[in-house]
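Hello,

Here is the structure I promised to pass on. Please open it alongside this note; my findings follow below.

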Amino acid sequence: MASSPDARARSDVIALVGMPGGGKSSVGKQMARQIGVPFFDSDHEIERRIGSSIRQFFDQHGEEPFRDLESEVIAELLARPGEAVLATGGGAVLRERNRELLHAGATVLYLRATPEDLFRRLRHDTTRPMLQVRDPLARLRELHQQRDPLYRRCAHYVLECARPSVHGLVNMALMQLELAGLLDPTRVAATVGAEPH
């Protein structure tokens, strides 16, 4: 990635933030593959460390110990040398320290979707602790209202992702980064418009 005149967005790491089910992992994986850099998912890294699912950890220890561990993992992933794409957990922005770390240490893209779009994607998902409630749509609306301003505060760029496919979102993200001078156009030209293999 080329350096940017905006020092806040000058980084070799592209970080994705957004609500649960917003496509961070899918988009991040494909984006990393297309530009040839490593992909990291903070939730997967946490599960690897604790040897269980995040849901089990939540049930046994509660949210605060999980958020502490999440902050450690994000700081360590951002500190790794070299280029990378990082997908973060939906609640990572709740901690001010995480928002500051991400904003200063990465170019942050907020994948923004409405609660209704998220509900359509997640209504059969039983793995997300925050959504195991009687009315998941109401919960998503509440979470969106709480977190949307935090995602915006943390992000350098907002991508509306109500309808586009993962492939479409990856192309949108790469073109945004190219226009901002954060990604070499030759790397984007080789991938944008090409269907994933």
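The largest nonpolar core has 53 residues. This is a predicted model. Ile14, Val17, Met31, Leu102, Val108 and Leu109 have the most contacts inside the core. Its largest share comes from helix 4 (residues 63–79), which gives 6 residues. In soluble globular proteins, nonpolar side chains tend to be buried together.

Take Leu102 as a way in. Which residues is Leu102 in contact with, leaving aside its neighbours within four places in sequence? They are Ala15, Val17, Ile74, Leu78, Leu86, Thr88, Val108 and Cys154.

Now the sheet. It is open and has 5 strands. Their order is 2-3-1-4-5, and the pairing is parallel. Strand 2 (39–41) and strand 5 (157–160) are the edge strands. Each of these two pairs on one side only. From one strand to the next, the twist averages 20°.

Look next at one pair of strands. Strand 2 and strand 3 (residues 84–87) run in the parallel sense and pair over 3 bridges. Phe40 stands opposite Leu86, and Leu86 is in strand 3.

Then the helices on the sheet. Helix 2 (residues 42–50) lies across strand 2 and strand 3. It runs at about 65° to strand 2. Helix 5 (residues 96–105) also packs on the sheet. Helix 5 touches strand 1 (13–17), strand 3 and strand 4 (107–112). The direction of helix 5 makes about 140° with that of strand 1.

Over to you.

Best wishes

Note on methods:
Residues are numbered from 1 along each chain as its sequence is written. This is a predicted model: local features need pLDDT of at least 70, side-chain atom pairs count only at pLDDT 80 or more; totals for chains, interfaces and linings use all residues. Side-chain values use heavy atoms; hydrogens and water are left out. Two strands pair if DSSP finds at least two bridges between them. Helices (H or I, at least four residues) and strands (E, at least two) are DSSP runs, numbered from the N terminus. Axes are lines fitted to C-alpha atoms, for helices over the stretch in contact, and angles run from 0 to 180 degrees between N-to-C directions. Contact means heavy atoms within 4.5 Å. A nonpolar core is a set of buried Ala, Val, Leu, Ile, Met, Phe, Trp, Tyr and Cys residues joined through side-chain atoms within 4.5 Å. Buried means under 20% relative accessible area, exposed over 50%, partly exposed in between (1.4 Å probe, protein chains only).
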